[in-house]
Amino acid sequence: MLPIEDNVPLPGANAAASTSLPQNDDPLSLPGARKELARRILSDIDTYCQTAYDDGHRGHLGASLIGHECSRYLWNSFRWLKHEAFSGRMLRLFNRGHREEARFIEWLRGIGFQVVEHQADGESQYRIKGVYGHFGGSLDGQGMPPERYNVPHGMLLEFKTKGTGRGFTELKEKGIKLTNPQHYAQMSMYGKTYGYKYAVYMSICKNDDDLHVEVVELDWTLGGELERKATDVIMSQVPPEKVAMSPTYKTCKMCNFADICFANGPVERNCRSCVAAQPVDGGEWYCNVYQGVIPKDYIKQGCDRHAPITR
């Protein structure tokens, strides 16, 4: 990378204004050259985002997923059967969702909310953890409304981003519980763990900054049911039932694991996708072939005795 100092122009910065550069020596003067350069820049940015923003398989089963209607999907994800690869554009969208959280917090503080987003170290988010360390999730924040709202207790804070179209319109009309039960399930688990009966759910439209704010009553009973669901998924050594028996079902048609569930598709080779591995305490994995805890840096590669757990 070029070392750029303030007020110091880049080499050739004034070349466009100079008459000393022959037109036929300028590569960007050729027909289609600028369009091709723009295409290459975009392509390289997409490739960069696919590398920089893709964290690979998640080490735990996330609370943000546990509300998914298909237990087989959750199990397949947890056992690392197939990594879901996204385009650079999609990964930028996910990354934007993370970056938007600071704006939500700014707005709430700006109207008088007391917001706690990090623990005492100033960096770590508040988390839930369970099922021997294999299940968990992170809170976006906790807030105390200003006195003028006459709400004498704190509330859970949850932030999401959405695109335009029917999804955002339906969210505003019907609310989060009906339009995205997975988000509602996530909040109910956090609320049960931290003792919050209500949440402020905020979602922003990424296209026009239209903002949806909803005060949601959480369901602690649902939170407890989902904890048991997480335990069943994580501790099972056999695939749970699929949500449907046909790949044409609405959820299955777009699922990353459709080929595995319905066409005996290939499974990634790693320790977690092997019949010999099982989750144990401390978020660790035990190998029943080698009779020992699997080193964390080895789990991703597996060994030559790998036997796919779905076969």
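**Notebook: charges and core**

Asp210 first: its relative accessible area comes out at 28%, so I log Asp210 as partly exposed. Worth noting at the top of the page that this is a predicted model.

I then checked what Asp210 pairs with. Its side chain meets that of Lys172 in a salt bridge, 2.8 Å from N to O. I looked up where the two partners sit: Lys172 is in helix α4, while Asp210 is in the loop between β7 and β8 (211–217). They are 38 residues apart, and the pair links distant parts of the chain. Lys172 has a relative accessible area of 43%, so Lys172 goes down as partly exposed too.

Next I looked for linked bridges. Glu100, Arg103 and Asp209 are joined into one network by salt bridges that share partners. For the whole structure I have nine salt bridges on my list.

Then a pair inside a helix. Arg39 and Glu36 form a salt bridge through their side chains, at 2.7 Å from N to O. Why about one helical turn between them? Because Arg39 and Glu36 are three residues apart in helix α1 (residues 33–52). I checked exposure for both: Arg39 is partly exposed at 47% relative accessibility, and Glu36 is partly exposed at 36%.

One more bridge for the page: Glu117 with Arg109, side chain to side chain, 3.5 Å from N to O. Glu117 has 23% relative accessibility and counts as partly exposed. The cut-off for buried is under 20%, so a value of 23% falls outside it. Arg109 is partly exposed as well, with a relative accessible area of 41%.

On to charges on the surface. I found a positive patch formed by Arg58, Arg127, Lys129 and Lys296. I traced Lys296 to the segment after β11 (292–293). Buried or exposed, this Lys296? Exposed, because its relative accessible area is 58% and the line for exposed is drawn at over 50%.

Last, the inside. The largest nonpolar core has 46 residues, and the members that touch the most others are Leu61, Ile66, Phe135, Leu156 and Met187. I went through the elements that give two or more residues to this core: they include the helices α2 (71–78), α4 (166–174), α7 (220–235) and α9 (258–263), and the strands β7 (198–205) and β10 (284–287). Which element gives the largest share of this core? That is α6, with five residues. A reminder to myself: nonpolar side chains tend to be buried together in soluble globular proteins.

Key
Residues numbered from 1 in each chain as written. Predicted model: local features only at pLDDT ≥ 70, side-chain atom pairs only at ≥ 80, totals over all residues. Heavy atoms only, no water. Patch = residues over 30% accessible without salt bridge, like charges linked within 9 Å, V, L, I, M, F, W, Y side chains within 5 Å. Areas by Shrake-Rupley, 256 points an atom, 1.4 Å probe, with all protein chains shown as cover. Salt bridge = Lys/Arg side-chain N within 4 Å of Asp/Glu carboxyl O. Lys, Arg positive; Asp, Glu negative; His and termini not counted. Charge placed at Lys NZ, Arg CZ, Asp CG, Glu CD. Helix = DSSP H or I, 4+ residues; strand = E, 2+ residues; numbered from the N terminus. Buried < 20%, exposed > 50% of the residue type's maximum accessible area, 1.4 Å probe, protein only. Core = buried A, V, L, I, M, F, W, Y, C linked by side-chain atoms within 4.5 Å.
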